[in-house]
Amino acid sequence: MHAVPLVSVVIPCYNAEQYLAETITSVLSQTWQDFEIIAVDDGSTDNTANLLRSYGSKIRAEFSPNRGASAARNLGTTLARGKFIQYLDADDLLRPDALEKRIQALVSSDADVAYSDWQRLTENQAGKFLLGDVISRRIEDVHSDPQIALFTDFWAPPAALLYHRRIVEAIGSWNESLPIIQDARFLLDAALMGGKFVYVPGVQADYRVHKANSLSRRNPIKFVVDCFNNACQVEEFWKVNGGITSERQATLEQVYGGVARFFFEHDRPTFYEALAKIHALNPNYLPAGPRSLRQLSKLFGYEQAEAIALNYRRLKNFTHSFTKKIPITSA
């Protein structure tokens, strides 16, 4: 008889007392009971540490200075004993059959990552979380190449993913140089390391969407900087692992182009860095869209086209703001 595989559930915690008990309960309520919970308190200043201690031997609690979620996950991974590893943010939830269904999928398919559908829990003005959209997507719906799909438009929260230990070991560690998009990069790293993915239908995770507390919303500039640094790292990886194919080049141009558009307005030196990366790939670069920007680029060059587009947006915003101040009276 085969031994029942152990799952290690790694939960990074930082000032998470408001949601952490519900998150841990969602693990303790799993139909698959062969698991260990490793909760890493990342230097919390609220009651998180005491809450973790209150669980006694039900969980393994570790305490470290505040170094960020990736560092906390890396510490938890070094302590994990399971054949499978479930990363779980301290405010998200697993549905009761999540581990069981994902383990069955990984074992039967010999895949490296199982991913499921998930549902948003959206915070309203009163601070209550209500059931929101169900996200049901397959990686191949985005692109036939998982590396390109996960580099561009496919994302799922850690709660919707279960990793086989062998792919975690192949990846090595969570990328601490990308603090905003760290979870997206870890999933992408699984693809870059040649991981095989298996889709498990059905909602198996709940992902909290806070009104104004997401890292990308709090600091959009840092988010786009992360996207730029991530693209630079992926480009270097591709150069030595299969080379820059035409599809990879188009994908890099797409990502660098989005970065350049953002930073033309917000940080001109970084715009020029992104533009240099684009021109190194394609000296004759034209943006794929919007159509007006592409046409302007053909006429005036890309940089001048961005200047025209920015002035147009500013004028449009000014006009909209001005007309809102004009009182409208009826005859």
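Helices in this report are DSSP runs of H or I with at least four residues, and strands are E runs of at least two, both numbered from the N terminus. With that numbering, Gly194 follows just after helix H8 and takes a positive phi of about 85 degrees. The model is a predicted one, and the description below moves from the chain as a whole to individual residues.

## The chain as a whole

The protein chain contains 14 helices and 9 strands, and its C-alpha trace spans about 70 × 60 × 40 Å along the principal axes. Of the 331 residues in the protein chain, 47% are buried. Among contacts in the protein chain with a separation of 6 or more, 72% are accounted for by residues 24 or more positions apart. The accessible surface of the protein chain comes to about 16,600 Å², and carbon and sulfur atoms contribute 53% of that area. As for charge, the protein chain carries 36 positive and 37 negative charges, and the mean positions of these two sets are 5 Å apart.

## Helix H8

Helix H8 covers residues 182-192, and 10 of its 11 residues are buried, so this helix is largely enclosed by the rest of the structure. The buried residues of H8 include the apolar side chains of Phe186, Leu187, Leu188 and Leu192, together with Ala190 and Ala191. Gln182, Asp183, Arg185 and Asp189 are also buried in H8.

## Strand S6 and its surroundings

Trp118 belongs to strand S6, which runs over residues 113-123. Its relative accessibility is 4%, and Trp118 therefore counts as buried, the cut-off being under 20%. Beyond the neighbours within four places in sequence, Trp118 is in contact with Asp133, Val134, Ile135, Trp155, Ala156, Pro157, Ala160, Val203, Ala205 and Tyr207. The C-alpha atoms of Trp118 and Phe263, by contrast, are separated by 32 Å, with these positions 145 residues apart along the chain.

## Aromatic pairs and charges over rings

The structure holds 18 aromatic pairs. One of them joins Tyr115 and Tyr199 in a tilted arrangement, with 5.5 Å from centre to centre and 50 degrees between the planes. This pair links distant parts of the chain, since Tyr115 is in strand S6 and Tyr199 is in strand S9 (residues 197-209), 84 residues apart. Both Tyr115 and Tyr199 are buried. Another pair, formed by Phe264 and Phe271, is edge-to-face, with 4.9 Å from centre to centre and 85 degrees between the planes. Phe264 and Phe271 are both buried, and together with Tyr272, Tyr285 and Tyr302 they form one aromatic cluster.

Two arginines are placed over aromatic rings. Arg53 lies over the face of Phe63, at 4.4 Å from the ring centre, while the charged end of Arg208 sits over the ring of Phe129, at 4.8 Å from its centre.

## Helix H12 and the loop that follows

Thr270 is located in helix H12, which comprises residues 268-281. With a relative accessibility of 11%, Thr270 counts as buried. When its neighbours within four places in sequence are left aside, Thr270 is in contact with Phe228 and Phe263. In the loop between H12 and helix H13 (291-300) lies Pro290, and the peptide bond leading from Gly289 to Pro290 is cis, with omega near -5 degrees.

## Backbone angles

The backbone angles already mentioned are set out below with those of two residues in loops.

| Position | Angle | Place |
|---|---|---|
| Gly194 | phi of about 85 degrees | just after H8 |
| Asn15 | phi near 50 degrees | loop between S1 (7-13) and H1 (17-28) |
| Asp110 | phi of about 55 degrees | loop between H4 (98-109) and S6 |
| Gly289 to Pro290 | omega near -5 degrees | Pro290 in the loop between H12 and H13 (291-300) |

Asn15 has a positive phi although it is a residue other than glycine, and with a relative accessible area of 31% Asn15 is partly exposed. Asp110 likewise is not a glycine and has a positive phi; its loop leads from helix H4 to S6, the strand that also contains Trp118 and Tyr115.

Key:
Residues are numbered from 1 along each chain as its sequence is written. This is a predicted model: local features need pLDDT of at least 70, side-chain atom pairs count only at pLDDT 80 or more; totals for chains, interfaces and linings use all residues. Side-chain values use heavy atoms; hydrogens and water are left out. Buried means under 20% relative accessible area, exposed over 50%, partly exposed in between (1.4 Å probe, protein chains only). Contact means heavy atoms within 4.5 Å. Accessible areas come from the Shrake-Rupley method with a 1.4 Å probe; for residues, only the protein chains shown count as cover. Lys and Arg count as positive and Asp and Glu as negative; His and the chain ends are not counted. The place of a charge is taken as NZ of Lys, CZ of Arg, CG of Asp or CD of Glu. Rings of Phe, Tyr and Trp (its six-membered ring) pair if their centres lie within 6.5 Å; planes under 30 degrees apart count as stacked, over 60 as edge-to-face and the rest as tilted. A charge sits over a ring if NZ of Lys or CZ of Arg is within 6 Å of the ring centre and within 35 degrees of the ring normal.
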